[in-house]
Amino acid sequence: MIISVASGKGGTGKTTISVNIALALGEGVELLDCDVEEPNAHLFLKPKIERNEKVEVPIPLVDLNKCTFCKKCSDICRFNALAIVGEKVLVFQELCHSCGGCMAVCPEGAITETGRELGFLNFGARDGIGFINGRLRVGEAMSPPLIKQVRAASNSELITIIDAPPGTSCPVIAAMNGADFILMVTEPTPFGLHDLKLAVEAVRLLGIPCGLVVNRADIGDHKVFDYAESENLPVLLTIPFDRRIAEAYSRGKNIVEEFPEWRERFMELFRKIEAIVNERGGVAHA
Amino acid sequence: MKVAITAKGTSLDSEIDPRFGRAPYILIVDTDTLEFEALDNSSNVNAFKGAGIQAATMVSDKGAEVLMTGYCGPNAFVTLEAAGVKVVDDITGKVRDAIKTIKEGKATYATAANKEADW
C-alpha cells in the first residue's frame, strides 16, 4: 500500500506525520522522502545511509556530420530545448523534458541520447524501516523525473509512506500519482485552507481517496473543519498546538518516541486509512 | 540593413515592448527604405518555456542583422550569438526612435544577456 502525505501549503507537518506513521508501524514500512528540493525526513528518522546512486536524465546529442538542419527536431520540441540557426544546432539541456521526440523524428538518425545529472538517491534503513530520499542537484529545476526515480526504487512488498513536496504542481503530482491514499496535512488557518482546497482539487482529478490530518488543530478558526465536512473529507487525526511537541520537534525528536500515548494514535490513523482503502476495493499495489 | 525591433503594435509609431521572447510583435525593418514586416509573435507569448529561443530563431530566419529590444535573456542571447545577430538592449520609446538611433550609429551592442532566465 502506498500512502502519499501531501499538504498544499508548506510547513503544515507533512514530514512530521510521515516519519511518525513510519515509526509507529515499524518494520515492514518504507519511507520515501520525495521532497527532493529540500529533503529533511532523514533528520527525524535518522536512518543509516548505506549507499547512493546518481540519477541522470537523457538529453539529445546531435551528430553534425549527419544533421541536415531540417528543423524537424526543434519543431516537435514543445519546450524549445533545440534551436537551429543557420548551420548550427543549439541544445538547451535544462529545458529538455527527455521525451525522445527529437530522436524519433530525425530523418537522418543524427540524434542519440546522452545523460544529464539531476541529482542522486540515498538508500538507508533504521530499525527495519526502509528509507530512500532524492536530492536534486543545486541549480536544477526539473524535480519530477528525480521524484519518479525515488518511487521506482521503492519496494512494492512494503507499506510505502511518501513525504511529498508542498504545492500543487508537477512535483506534487509525481509524488501522489498511483498512490492508494492521499493524506493531506493542513492547519486551521486561512492559508492552510486556501492551499488545501487547491491540493484537494488536484487529488480529485487523480481519483485517489483522501483524508485529513489537522495539525495545530486548536489555533485559527473552524473553517478547515467546515470545509472537510462539506467536501466529505474525513478528519483522521487532530494534533494540538502543544509546546512539548514543538520543543521535541526543535530537537529533532519524534512525537511517537517522546510521547508513547501518540504511538497508538498514529497506528489508529493507519488503520483508518487501511479501512478506507479496503472499502474502495483494496490496494493497487502489494 | 535589416533590424528586428520588439513592439507592442504593428506600425513604426508603436511603442517598443521591453520583452523579447514574449513581445506581441517583432518588426523586421529595412533601415534604408523603412519598409517593414510585422511578425505576429502571439504563439510565443504564452509559450511554456524557451520563448526567447524561439523568437531568436525567427529573427535569424528573417535575415535580421541586429535585434533591438529592452531585455534579452541568456538563452535568447546564446541563440542570437550563434546566428550572428547583434543585440542592442535597454531600448525604450517608439520603433521609429530605435531606427533613428541605429541609423545615427548611436546604438551600443550588448556583450551579454541583461536579464536572468525565466522559470
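These are my notebook entries on a predicted model with chains A and B.

**Entry 1: chain A overall**

I began with the overall make-up of chain A. I counted 11 helices and 11 strands there. I then looked up the extent of the chain. Along the principal axes, the C-alpha atoms of chain A fill a box of roughly 70 × 45 × 35 Å. Burial came next. Of the 286 residues in chain A, 47% are buried. I also checked how far along the sequence the contacts reach. I took contacts in chain A between residues at least 6 apart in sequence, and 75% of these join residues at least 24 apart.

**Entry 2: domains of chain A**

I looked up the domain division. Chain A has a domain 1, made of 2–48 + 119–279, and a domain 2, made of 57–116. How far apart are the C-alpha centres of domain 1 and domain 2 of chain A? I find 39 Å between them.

**Entry 3: the sheet of chain A**

I traced an open sheet of 9 strands in chain A. I read the order as β3-β6-β7-β2-β8-β1-β9-β10-β11, with mixed pairing. Which strands sit at the edges? They are β3 (48–62) and β11 (235–239) of chain A, each paired on one side only. Ignoring direction, I get an average turn of 20° between neighbouring strands of this sheet.

I then picked out one pair. Strand β1 (residues 2–6) of chain A runs parallel to strand β9 (residues 181–186) of chain A, and 4 bridges join them. I followed Val5(A) across to β9(A), where its bridge partner is Leu183(A). Next I looked for what packs on the sheet here. Helix α7 (residues 190–206) of chain A does, and it touches β1, β9 and β10 (210–215) of chain A. The direction of α7 makes about 170° with that of β9(A).

**Entry 4: α1 against α11 in chain A**

I turned to a helix pair. Helix α1 (residues 14–25) and helix α11 (residues 261–279) of chain A have axes that come within 9 Å and cross at roughly 95°. Because of that crossing angle, I note α1(A) as roughly perpendicular to α11(A). Which residues make the contact? From α1(A) I list Asn20(A), Ile21(A), Ala24(A) and Leu25(A). From α11(A) I list Arg263(A), Phe266(A), Met267(A), Leu269(A) and Phe270(A). Sorted by class, this contact has 7 nonpolar, 1 polar and 1 charged residues.

**Entry 5: Arg251(A)**

I looked up a loop residue. Arg251(A) lies between α9 (243–250) and α10 (255–258) of chain A. Is Arg251(A) buried or exposed? I count Arg251(A) as exposed, because only 12 or fewer neighbours are needed for that label and Arg251(A) has 7 C-beta neighbours inside 10 Å. I also checked its distance to Ser154(A). The two residues are 97 apart along the chain, and their C-alpha atoms are separated by 29 Å.

**Entry 6: the sheet of chain B**

I moved to chain B. I found 5 strands in an open sheet, ordered β3-β2-β1-β4-β5, and the pairing is again mixed. The edges are β3 (36–40) and β5 of chain B, each with pairing on one side only. From one strand to the next, the twist averages 20°.

β4(B) and β5(B) pair in the parallel sense, over 3 bridges. Within this pair, Leu67(B) has Val87(B) of β5(B) as its bridge partner. I then noted helix α4 (residues 95–103) of chain B, which packs on the sheet. Helix α4 touches β1 (2–7), β2 (25–30), β4 and β5 of chain B. Its direction makes about 145° with that of β1(B).

**Entry 7: where the chains meet**

I looked up the contact between the chains. It takes 13 residues from chain A and 14 residues from chain B. On the chain B side, α2 (51–61) and α3 (74–83) each supply at least two residues. The largest share of that side comes from α3(B), with 5 residues. By class, I sort the chain B side into 7 nonpolar, 6 polar and 1 charged residues.

**Entry 8: α3 of chain B**

I stayed with α3(B). Which of its residues are buried? I list Asn75(B), Ala76(B), Phe77(B), Thr79(B), Leu80(B) and Ala83(B). The cover over these buried residues includes elements of both chains. From chain A there are β4 (82–85) and β5 (88–91). From chain B there are α2, β4 (66–68) and β5 (86–88). Last, I checked the residue just after α3(B). This is Gly84(B), with a positive phi of about 80°.

Terms used: Residues numbered from 1 in each chain as written. Chains lettered and ligands numbered in written order. Predicted model: local features only at pLDDT ≥ 70, side-chain atom pairs only at ≥ 80, totals over all residues. Contact = placed C-beta atoms within 7 Å. Nonpolar A, V, L, I, M, F, W, Y, C, P; charged D, E, K, R; others polar. Buried ≥ 20, exposed ≤ 12 C-beta atoms within 10 Å, placed from the backbone. Pairing = 2+ DSSP bridges. Axes fitted to C-alpha atoms, helices over the stretch in contact; angles between N-to-C directions. Parallel < 35°, antiparallel > 145°, perpendicular 65-115°, else oblique. Domains from an automatic or database assignment.
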